[in-house]
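Student: I would like to learn how to read features from a model, one at a time. Could you give me the general idea and then the case at hand?

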Amino acid sequence: MVSNETQKPENQAKKNILIVEDQFVEAHDLQLIAEKANCNVIGIARSVEQALEKLEMQKPDLVFLDIMLKGDRNGIELAHILKNRNIGFIFISANSSKQILNEAKITCPYGFILKPFRDQDILTTLEIAFYRQKYSLESQLMHEYQLKKNITELIHSNLNQEDGLKAFAKIIQTFISFDYLETGFYDPVQYANIGIARKNIEEYQTITVSKLSKIAEISIKELDETYKKSQIDTDPAIYSGESLINNFQKSPIKGIIAHNFGIKSYLVFPVLTDNSQRFYFTFYSRNFNVYSDENLNLLHHLNTTISDFITRFFSDKKEIVQTKAIIQRKEPAENTKSGFEGIIGNSSQMATVFNYIKKVAPSETSVLILGESGTGKEKIAQSIHALSPRKDKPLIIINCGAIPENLAESILFGHEKGAFTGALEKRIGKFELADGGTIFLDEIGEMPMALQVKLLRVLQEKTIERVGGLLSLKIDVRIIAATNKDLEHEVSAGRFRMDLYYRLYVFPILVPSLRSRTEDIPELADHFIKMYSKNMDIKPSLLSNIALQQLINYKWPGNIRELEHIIQRTLLLNEESSIKTIEFQPSSLKPEQNTETFSIKTILENERDYILYILKKCNGKVSGAGGAAEILDINPSTLTSRIKKLEINKEIN
């Protein structure tokens, strides 16, 4: 377990770096720092056009990319091109505003550096970028391997067509999420496609043509006529937003499916089989902008395996999906929520969360769980650990907001006997206890800045030192973090380190609020009624329709935790066999009010009040990280002159 400080092997292959920066001095500095990090700079481009020319000559491993460049096109535009070409990039910007961070996040960069930068900022960000790139590629290859393996096993099974198609849907769902999957050969005469509708986490329903006819209240003849006048995609395509609506005019059969299943985006993927027939998979989702080029690339890589699946289960394209007369022997039904114990919900939002958990759990990738307080982020972390290869090792939970700063190092990393006053014996820290397992850093947004620096070092070097110890201890832990804070805002305000943010933000999972998934409330309420009735040794009460509607209509600022407490309180107060009404706590029913009153003021008065408010939030700090000028996104000298003109100094002092 003990190890000396590791050194980089001298024969390690150099990474090729392209610098896209229009300022000569900064570009030159970046080149020197990159070369110091054993990287080979293949060129410096001053504009998007120059960068594209250099990309045609040589593909870099990574690109340093300034957001504001000379010419009509900026770094954000180039970032989208780099993403489509699977080239990693690090943004460089003099602006860390919320808008810039939002635009940058969409492109999925491997890092974000603010100007002016230090050598150490670049070196650390490079290390993080190569770490993320490595795990991204490994994860992609692992997903492809796992999918091929699972589909191949399905091909060699003895399942019939209907069960085989359902099994395929279950396999592919984890990697390409859908609410409805349409499959079938192109048939110029009639509509003969088979649909698979997702009912809940792992339960699927076959939608035959006759069943679709009943759902849509359209005759089979009308379906055939609609299909025959629909334009068929010959190439893979993604539709969402305006493109989806426009395509309904060209392909009205898609419009029928979208209307009846609440579809907001879909992906079409044709596969050419051995006998030159075109078979179509269309993945439909009830959410906007679900599908991406990443999904298409995955399907392209699986093309041969999928073609074998079609040959196995659809060799006769006129076969009608129906339950066969011969009852085949089936394996015992497995627990559909194995690994998800304690997580309740079958909504489409939770189905997406389950997909993400199953997708990331087998890997070593860091996970950042985002969501409001009370949404069950700790349960998500427990599921990821339970479904991972580390499940037999410890899961250590740390509440970052509850760690006293003066004891943080001792709690996290341990201490030797006599290391400080009161250290009467050796103590093993949380990270050492989690060796081989998982560390869950809950409320990571509450971690003090000084502790963030120490945590980042541990994550980078994978070693710890006990307080008062002389040797470095090698550790092997997987990191899962969670927060209810907007970390991007915390970064822009200077309260959270950007390098730590990008180290953690490898695989984010957003846990939906309870008010956004009200269809899960009946099941959650029933779960808590049964749980607390058992604890209280009473017969479970029935929930009346009126009470249930009250629960559904309520806004749930405290999410699932608040629902649990209200159910518990209701059961304690209820004296009948059924719950006829819900008595919310008085504080819960108060309408939301603005804490600040509004009065008519001049523009200068409003400006003065706003600057004063920001300055008080920053404890009078004007410039630098977390200063008022940064939050207001103006030059510090401009802010100073405004403070003087508006006579704000007196009130600050």
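Student: Which residue takes a positive phi just after H3?

Tutor: Helices (H or I, at least four residues) and strands (E, at least two) are DSSP runs, numbered from the N terminus. In this predicted model, Asn 86 takes a positive phi of about 60° just after H3. At the N-terminal end of H3, Asn 74 acts as a cap, with a side-chain oxygen 3.1 Å from the backbone nitrogen of Ile 76. Within H3, which spans residues 75-84, the buried residues are Gly 75, Ile 76, Leu 78, Ala 79, Ile 81 and Leu 82, where buried means under 20% relative accessible area, exposed means over 50%, and partly exposed lies in between (1.4 Å probe, protein chains only).

Student: What conventions lie behind these statements?

Tutor: Residues are numbered from 1 along each chain as its sequence is written, and side-chain values use heavy atoms, with hydrogens and water left out. As this is a predicted model, local features need pLDDT of at least 70 and side-chain atom pairs count only at pLDDT 80 or more, whereas totals for chains, interfaces and linings use all residues.

Student: What average pLDDT does the protein have?

Tutor: pLDDT is the predictor's confidence in each residue, from 0 to 100. The protein averages a pLDDT of 84, and 89% of the residues score at least 70. Over residues 317-336 the pLDDT is below 50, and this stretch has 22 contacts in the model beyond near neighbours in sequence, a contact meaning heavy atoms within 4.5 Å. Residues 591-599 also stay under 50, and for them the model has one contact beyond four places in sequence. Where pLDDT is low, the predicted coordinates should not be read in detail.

Student: Where is Ile 87 found, and is Ile 87 buried or exposed?

Tutor: Ile 87 is found in the loop between H3 and strand S4 (88-93), and counts as buried because its relative accessibility is 6%. Not counting residues up to four places away in sequence, Ile 87 touches Leu 55, Lys 59, Pro 60, Val 63 and Leu 82. Of Ile 87 and Pro 60 one can add that they are 27 residues apart in sequence and 7.2 Å apart in space, C-alpha to C-alpha.

Student: How many of the residues of helix H10 are buried?

Tutor: Seven of the 10 residues of H10 (residues 252-261) are buried, so this helix is largely enclosed by the rest of the structure. The buried residues are Ile 253, Lys 254, Gly 255, Ile 256, Ile 257, Ala 258 and Phe 261. Just after H10, Gly 262 takes a positive phi of about 65°.

Student: What does the side chain of Asp 179 reach?

Tutor: Asp 179 has its place in the loop between helix H6 (161-173) and strand S6 (180-185), and counts as buried because its relative accessibility is 9%. The side chain of Asp 179 reaches the backbone nitrogen of Arg 286 at 2.7 Å. Beyond four places in sequence, the residues that Asp 179 touches are Ile 196, Ala 197, Arg 198, Tyr 284, Ser 285, Arg 286 and Ser 348.

Student: How many aromatic pairs does a search of the whole structure find?

Tutor: A pair of aromatic rings is described by the distance of the centres and the angle of the planes. Rings of Phe, Tyr and Trp (its six-membered ring) pair if their centres lie within 6.5 Å, and planes under 30 degrees apart count as stacked, over 60 as edge-to-face and the rest as tilted. The search of the whole structure finds 23 aromatic pairs. Tyr 554 and Trp 556 form one that is edge-to-face, at 4.5 Å centre to centre with 85° between the planes, and both Tyr 554 and Trp 556 are buried. Phe 168, Phe 185, Phe 279, Phe 281, Phe 309, Phe 313 and Phe 314 form one aromatic cluster.

Student: How many disulfides does a search of the whole structure find?

Tutor: A disulfide is a covalent bond between the sulfur atoms of two cysteines. With the criterion of a pair of cysteine sulfur atoms within 2.5 Å, the search of the whole structure finds zero disulfides. Cys 400 is buried, with a relative accessible area of 1%, whereas Cys 108 counts as partly exposed at 47% relative accessibility.

Methods
Polar contact = N/O pair within 3.5 Å; in protein donor to acceptor, adjacent residues only side chain to side chain.
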